[in-house]
Amino acid sequence: MKGVTQWVLDWGLPIAVLLGALYIFAARAESPSEVYRVFTLIDAPQHVLLWLASLVGWLLVPAIIGGFAGHVIAERISRAKSISTHTLFQQRKWRQRMRPPGLIDDLASYFHGTHAQQDFADAWVRVAHRNDWSRAQDHWEVFVRDAMSTQQYAHLDRHECLRQVQNTARMTLRVLARSHGLCIVCERRR
């Protein structure tokens with residue numbers, strides 16, 4: 001981060017001052033909108049200062065777009081690499097290997113479950129899905145499955161991942177169903 005800040009101070013500030021001065025002088029010769037249109041390569045330049053603004057725009061606009069695209073790509077790559085290979089390729093213990101995979105909870109079991117489970121089932125099935133149990137169950141499973149595929153749960157074993165995702169999903173989906181009366185899966189499928 002220090003290198004970026006130093007670069008901005010060393011090069012970015014003088015370039016910004018130079019561009020500002022060029023823009024002011026070119027705007028005095030023509031209108032500010034004409035300078036903008038030439039700088040963004042919309043119109044052809046008509047004045048000497050506009051030719052200079054056009055040249056700077058021709059060089060700078062692709063550089064800004066390329067820099068932004070490069071930053072976005074680098075961030076995506078660094079997020080994908082943030083899980084250490086030691087954690088990612090750790091061998092599971094015998095108990096973890098022999099235990100069958102967990103199942104996504106059936107919402108019917110929440111009907112007679114704890115108060116929190118009953119409240120979630122009421123909000124998710126009655127409010128968000130208008131008492132359509134099969135659609136509510138299907139959307140619950142889709143949401144949990146998709147949430148389990150995210151990076152924040154990648155370092156967990158499959159049972160802990162399922163447990164944490166279902167707890168988080170119950171809290172999140174309950175709030176959405178109670179406050180807005182909607183299902184995020186229904187909204188995405190429209």
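**Exercise 1. Aromatic pairs**

State how many aromatic pairs a search of the whole structure finds, and classify the pair of Tyr-110 and Trp-140.

Solution. The model is a predicted one, in which local features need pLDDT of at least 70 and side-chain atom pairs count only at pLDDT 80 or more, while totals for chains, interfaces and linings use all residues. Residues are numbered from 1 along each chain as its sequence is written, and side-chain values use heavy atoms, with hydrogens and water left out.

Step 1. Rings of Phe, Tyr and Trp (its six-membered ring) pair if their centres lie within 6.5 Å; planes under 30 degrees apart count as stacked, over 60 as edge-to-face and the rest as tilted. On this rule the whole structure yields five aromatic pairs.

Step 2. Between Tyr-110 and Trp-140 the ring centres are 6.4 Å apart and the planes stand at 70°, so this pair is edge-to-face.

Step 3. Tyr-110 belongs to helix α6 and Trp-140 to helix α8, 30 residues apart, so the pair links distant parts of the chain. Helices (H or I, at least four residues) and strands (E, at least two) are DSSP runs, numbered from the N terminus.

Step 4. Both Tyr-110 and Trp-140 are buried, where buried means under 20% relative accessible area, exposed over 50% and partly exposed in between (1.4 Å probe, protein chains only).

**Exercise 2. A second ring on Trp-140**

Classify the pair of Phe-120 and Trp-140, and give the relative accessible area of Phe-120 and of Trp-140.

Solution. Step 1. The ring centres of Phe-120 and Trp-140 are 5.1 Å apart with planes at 55°, so the pair is tilted.

Step 2. Phe-120 sits in helix α7 and Trp-140 in helix α8, so this pair ties together parts 20 residues apart in sequence.

Step 3. The relative accessible area is 1% for Phe-120, which is buried, and 0% for Trp-140, also buried.

Step 4. Tyr-110, Phe-120, Trp-124 and Trp-140 are joined into a cluster by ring pairs.

**Exercise 3. Packing of α7 and α8**

Describe how helix α7 packs with helix α8, and name the residues that meet.

Solution. Step 1. Two packed helices are described by the angle between their axes and the distance between the axes. Axes are lines fitted to C-alpha atoms, for helices over the stretch in contact, and angles run from 0 to 180 degrees between N-to-C directions.

Step 2. Helix α7 (residues 115-128) and helix α8 (residues 133-148) have axes 9 Å apart, at an angle of about 110°. That makes α7 roughly perpendicular to α8; angles under 35 degrees count as roughly parallel, over 145 as roughly antiparallel, 65 to 115 as roughly perpendicular and the rest as oblique.

Step 3. From α7, Phe-120, Trp-124 and Val-125 meet Trp-133, Ala-136, His-139 and Trp-140 of α8. Contact means heavy atoms within 4.5 Å.

Step 4. By class, the contact of α7 with α8 has six nonpolar, one polar and no charged residues. Ala, Val, Leu, Ile, Met, Phe, Trp, Tyr, Cys and Pro count as nonpolar, Asp, Glu, Lys and Arg as charged, and the others, Gly among them, as polar.

**Exercise 4. The nonpolar cores**

Which residues of the largest nonpolar core touch the most other members?

Solution. Step 1. A nonpolar core is a set of buried Ala, Val, Leu, Ile, Met, Phe, Trp, Tyr and Cys residues joined through side-chain atoms within 4.5 Å.

Step 2. The largest such core has 23 residues, and Leu-107, Phe-120, Trp-124 and Trp-140 touch the most other members. At least two residues of this core come from each of α6 (107-110), α7, α8, α9 (158-180) and α10 (184-189).

Step 3. Apart from this core lies another, of five residues, including Ala-27, Val-35, Val-38 and Leu-50.

**Exercise 5. Arg-170**

Is Arg-170 buried or exposed, and which residues does Arg-170 touch?

Solution. Step 1. Arg-170 is in helix α9, and at 16% relative accessibility Arg-170 counts as buried.

Step 2. Not counting residues up to four places away in sequence, Arg-170 touches Asp-105, Tyr-110, Phe-120 and Trp-140.

**Exercise 6. Positive phi**

Give the phi of Arg-130 and of Asn-131, and locate both residues.

Solution. Step 1. Most residues other than glycine have a negative phi.

Step 2. Arg-130, not a glycine, has a positive phi of about 50°, and phi of Asn-131 is near 65°, also positive.

Step 3. Arg-130 lies in the loop between α7 and α8, as does Asn-131. Arg-130 is exposed, with a relative accessible area of 57%, and Asn-131 counts as exposed at 51%.
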